Amino acid sequence: MTPTEVLALAKENNCKVVDFRFMDYPGLWQHFTIPIGELDEASFEDGYGFDGSSIRGWQPIHASDMLVIPDPVTAKIDPFYEHATLVLICNIVDPVTSEPYSRDPRYIAQKAENYLKSTGLGDTAYIGPEAEFFIFDDIRFESSRHRAFYEIDSVEGHWNTGRDEGPNLGYKPRYKEGYFPVPPTDKFQNMRTEMLLTLESLGIEIEAQHHEVATAGQSEIDMRFKPLLQMADQLMWFKYVLKNIAFKHGHTVTFMPKPLFEDNGSGMHTHLSIWRDKVPLFAGDKYAGVSQEAMYAIGGILRHCQALCAFTNPTTNSYKRLVPGFEAPVNLAYSSQNRSAAIRIPMYSASPKAKRIEFRTPDPSCNGYLAFSALLMAALDGIENKMDPGDPLDKDIYGLPPEELAEIPSAPGSLDEALAALDADREFLMKGDVFTPDAIDMWIEYKTKNEINPMRLRPHPHEFLLYYDI
């Protein structure tokens, strides 16, 4: 879509205002709004100023001026605002140098796509994330100097089987038994369908929606694969739509990886394939019907997985899900059907176009622009350096004897470990200037200062249960 076409779209829909959206560094959408009369074709080159020092992980206060440059290709009409609103996703530019901003996650994704093309290995990286989430009825939490707690509630929560609900009608999925039951056990079918249809009305193709394994409304809606940057944009719309529809119905959605103790967490299995001239490069005659390039890509992802986790599993809570021995994909191995391996080669279809690799370790707390870019860079490094992934692991990992299991490397056990791995293994990300040293350093600094250290300093509520009477 061109600027002229964007203005015509706004006029056709009688838009009153324009909402500019962009990412902060950790991964939340930010926005501000202007009257529609302030938007013209020059706006797509000149941009609009804002205070970059107020955005997490960005500029210091003495160098705070930044510009947002709206991307006309991203134009959509917001489905929730009371007044007709044109939405444009923006790129970030330094007003002094007129250069794209190194810490703009969307710019990093653009550079990753450009690097792929520059290698000659392919021209398109398709990404297909399966973002799981929870739909809760109530969430309360506090973390202060003298008190800390959280409390979750859900009409589906199995812990509510004995609650007086005037009357309690039952049909609450048992722990780890929420996969695919029909209503009335699945109480969110209609809401998920509304989410699906709203996403489709925005031009986002959906493959399926369903209840997930955990009790208390765990769900999944799968988007059809798209090129990397487009999918990263769509993931932001995805989270926005799901949160707003749940909120409208008196519920709340979270993409936090592990909100419930002793039940399944939320992952985001991410499918990757590389194409050149509309030909899939991952189909071939090697293991599970993939190509040698796909095998090398698997080798690259496994080699760099610990550093990758700093972007694909970027919260301290992520590692409450990634615990060895609890069905999480922490084992750095690959398989055609073993879902406890970090990488799986889906076998649903024999079509060459369907050949892809599925990286199962990520979770939906990630910033998609950064996570998808890092994943592509690891795969490309594997192809360029012919990294052998070794033999597949088609055994039941949880049935292996301890001595054999000890030989299988594992994903990091904490965000601290992942950030340390990123600091030590960053060269593959810096090819083509995709991730700059500045961007990586700020990621490590921000996560350490704002997430890891505050968690280290706070007593945990469970510690009182364990230690108060010592």
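1. A first place to look is Ala 288, which lies in the loop between β15 (279-280) and α6. This is a predicted model, and in it the phi of Ala 288 is near 60 degrees, a positive value in a residue other than glycine. With a relative accessibility of 18%, Ala 288 counts as buried, because the cut-off for that label is under 20% relative accessible area.

2. The helix that follows this loop deserves a careful look. Helix α6 runs over residues 292-312, and although it has 21 residues, its end C-alpha atoms are only 25 Å apart, short of the 30 Å that a straight helix would reach at 1.5 Å a residue. A bend of about 75 degrees is found in α6 at Cys 305. As for its surroundings, 17 of the 21 residues of α6 are buried, so this helix is largely enclosed by the rest of the structure.

3. A second residue with an unusual backbone angle is Asn 14, a residue other than glycine whose phi is nevertheless positive, near 55 degrees. Asn 14 sits in the loop between α1 (3-12) and β1 (17-23), and there it is partly exposed, with a relative accessible area of 47%.

4. Strand β11 (residues 218-223) is mostly covered, since six of its six residues are buried. In a regular strand the side chains alternate between the two faces of the sheet. On one side of β11 stand Gln 218, Glu 220 and Asp 222, on the other Ser 219, Ile 221 and Met 223, and all of these are buried, which leaves both faces covered.

5. The pairing of β11 can be followed towards two strands. With strand β7 (residues 124-136) it pairs in the antiparallel sense over five bridges, and Gln 218 of β11 is the bridge partner of Phe 134. Strand β10 (residues 206-211) also pairs with β11 in the antiparallel sense, over five bridges, and here His 211 stands opposite Ser 219. Together β10 and β11 form a hairpin with six residues between them, and in the turn Ala 216 has a positive phi of about 65 degrees.

6. The structure holds 25 salt bridges, and one of them joins Arg 106 to Asp 71, where the closest N and O atoms are 3.1 Å apart. Arg 106 lies in helix α3 (residues 105-119) and Asp 71 in the loop between β4 (65-70) and β5 (76-77), so the pair ties together parts that are 35 residues apart in sequence. Both partners are enclosed, for Arg 106 counts as buried at 2% relative accessibility, and Asp 71 is buried with a relative accessible area of 15%.

7. A further salt bridge is formed by Arg 163 and Asp 153, with the closest N and O atoms 2.5 Å apart. This pair links distant parts of the chain, ten residues apart, Arg 163 being in the loop between β9 (148-153) and α4 (189-201) and Asp 153 in strand β9. Arg 163 is partly exposed, with a relative accessible area of 32%. The two residues also belong to a wider arrangement, in which Asp 153, Arg 163, Glu 165 and Lys 172 are linked in a network of salt bridges.

8. Arg 360 and Glu 358 form another salt bridge, and their closest N and O atoms are 2.8 Å apart. Both Arg 360 and Glu 358 are buried.

9. The loop between β9 and α4 also calls for attention on account of its backbone. Gly 166 and Pro 167 are joined by a cis peptide bond, with omega about 0 degrees, and Pro 167 lies in this loop. The peptide bond from Pro 183 to Pro 184 is cis as well, with omega near 10 degrees, and Pro 184 is likewise found in the loop between β9 and α4.

10. On the surface, finally, Ile 139, Phe 141, Tyr 150 and Phe 261 form a nonpolar patch, which together has about 520 Å² of accessible area. Phe 261 comes from the loop between β13 (252-254) and β14 (268-276), and it is exposed, with a relative accessible area of 66%.

Notes
Residues numbered from 1 in each chain as written. Predicted model: local features only at pLDDT ≥ 70, side-chain atom pairs only at ≥ 80, totals over all residues. Heavy atoms only, no water. Patch = residues over 30% accessible without salt bridge, like charges linked within 9 Å, V, L, I, M, F, W, Y side chains within 5 Å. Areas by Shrake-Rupley, 256 points an atom, 1.4 Å probe, with all protein chains shown as cover. Salt bridge = Lys/Arg side-chain N within 4 Å of Asp/Glu carboxyl O. Helix = DSSP H or I, 4+ residues; strand = E, 2+ residues; numbered from the N terminus. Buried < 20%, exposed > 50% of the residue type's maximum accessible area, 1.4 Å probe, protein only. Expected span 1.5 Å × (residues − 1). Bend = angle between axes of the 7 residues up to and from the residue. Pairing = 2+ DSSP bridges.
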